[in-house]
Amino acid sequence: MYRSLSHLKHPLTSRFLAVFVVVCAAAPMVGIAQRVGEVPEQMAGIVQGDERGAQIDLDLEFVDEAGKTVTLRNYFTDDRPVLLTMNYYMCTMLCTEVLNGLVDGLQRLDWVPGDKFRVVTVSIDAREKPWLAKKKKASYLEALGRDGADWTFLTGSQDSIDSLSKTTGFAFRYDDETDQFAHPPTIMFVSPQGVITQYLMGKMFEPDSIRWA
């Protein structure tokens with residue numbers, strides 16, 4: 001289901017060639033240190049698949065930060081593409097780093113989210129509730145500092161999360177010991193029709209890369 005991206009050649013997608021993940025854990029990763037070339041057990045199989053061209057199910061239901069039940073179709077209503085991220089709101093490491101990196105890139109982009117595109121963040125933890133999404137949205141909109149920015153934070157059922165994860169190739173795994181999730185550091189780009197068009201990997205995102213994607 002999750003295929004390697006090693007065949008990608010475009011310079012702006014070359015960062016795909018070093019697909020990697022880290023466990024989002026606040027505690028030190030004691031006991032999982034590996035020799036070079038080995039993959040920690042918690043991370044085995046957790047890679048970003050290349051599902052460009054796949055159609056997202058726009059009828060998947062989620063709950064927005066105001067507690068309203070919505071479908072993804074709510075965010076595909078015109079000719080604006082969607083920058084999609086899958087994170088979780090209680091993560092203190094990788095998710096925060098990815099979203100902070102996205103904020104940095106968006107601050108330096110001459111387009112304001114909501115103008116030529118929207119941003120939608122979906123929690124991969126079905127236990128998280130709208131109040132937490134609301135808190136996270138307020139924090140990131142304040143950090144972004146762009147008036148009128150259109151950035152939605154969603155929570156949802158496990159079925160909706162799993163369906164979206166499968167379609168986008170976004171693999172993740174829950175770790176009981178740390179109560180955290182392992183997942184790739186990815187942001188995704190979806191056409192106005194709901195078709196996956198591009199990915200960017202990493203924790204920093206240059207404005208030109210976002211604009212091109």
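Guide: Strands in this predicted model are DSSP runs of E with at least two residues, numbered from the N terminus.

Visitor: Where does D179 lie?

Guide: Two strands frame the position of D179, namely β7, covering 173-175, and β8, covering 180-183. The place of D179 is therefore in neither strand but in the loop between β7 and β8.

Visitor: What is the phi of D179, which is not a glycine?

Guide: Most residues other than glycine have a negative phi. D179 is not a glycine, yet its phi is positive, at about 55 degrees.

Visitor: Is D179 buried, partly exposed or exposed?

Guide: Buried means under 20% relative accessible area and exposed means over 50%. The relative accessibility of D179 is 37%, so this residue counts as partly exposed.

Visitor: Which residue joins its side chain to that of D125 in a polar contact?

Guide: D125 is found in the loop between β5 (118-123) and α2 (130-144). With 5% relative accessibility, D125 counts as buried. Its side chain makes a polar contact of 2.9 Å with the side chain of R127.

Visitor: Beyond its neighbours within four places in sequence, which residues does D125 contact?

Guide: Those neighbours are left aside here. The residues in contact with D125 are then Y88, I161 and F181.

Visitor: How many residues of strand β9 are buried?

Guide: In a regular strand the side chains alternate between the two faces of the sheet. On one side of β9, T186, M188 and V190 are buried, and on the other side I187 and F189 are buried. Strand β9, residues 186-190, is largely enclosed by the rest of the structure because its buried residues number five of the five.

Visitor: Which residue of β10 is the bridge partner of V190?

Guide: Strand β9 pairs in the antiparallel sense with β4 (residues 82-87) over four bridges, and L83 has F189 as its bridge partner there. Five bridges join β9 to β10, residues 196-201, and these two strands also run antiparallel. The β10 bridge partner of V190 is I196.

Visitor: Which residue takes a positive phi in the hairpin of β9 and β10?

Guide: This hairpin has five residues between its strands. The residue with a positive phi, near 90 degrees, is G194.

Visitor: How many residues in the contact of α1 with α2 are nonpolar, polar and charged?

Guide: Helix α1, residues 94-107, packs on α2 at an angle of about 35 degrees, with the axes 9 Å apart, and the crossing is right-handed. The contact is made by T96, L99, N100, V103, L106 and Q107 of α1 with Y140, A143 and L144 of α2. These residues divide into six nonpolar, three polar and no charged.

Key. Residues are numbered from 1 along each chain as its sequence is written. This is a predicted model: local features need pLDDT of at least 70, side-chain atom pairs count only at pLDDT 80 or more; totals for chains, interfaces and linings use all residues. Side-chain values use heavy atoms; hydrogens and water are left out. Buried means under 20% relative accessible area, exposed over 50%, partly exposed in between (1.4 Å probe, protein chains only). A polar contact is a pair of N or O atoms within 3.5 Å; within protein, one must be able to donate a hydrogen and the other to accept it, and residues adjacent in sequence count only if both atoms are side-chain atoms. Contact means heavy atoms within 4.5 Å. Two strands pair if DSSP finds at least two bridges between them. Axes are lines fitted to C-alpha atoms, for helices over the stretch in contact, and angles run from 0 to 180 degrees between N-to-C directions. A crossing is left-handed if the near helix is turned anticlockwise from the far one by less than a right angle, and right-handed if clockwise. Ala, Val, Leu, Ile, Met, Phe, Trp, Tyr, Cys and Pro count as nonpolar, Asp, Glu, Lys and Arg as charged, and the others, Gly among them, as polar.
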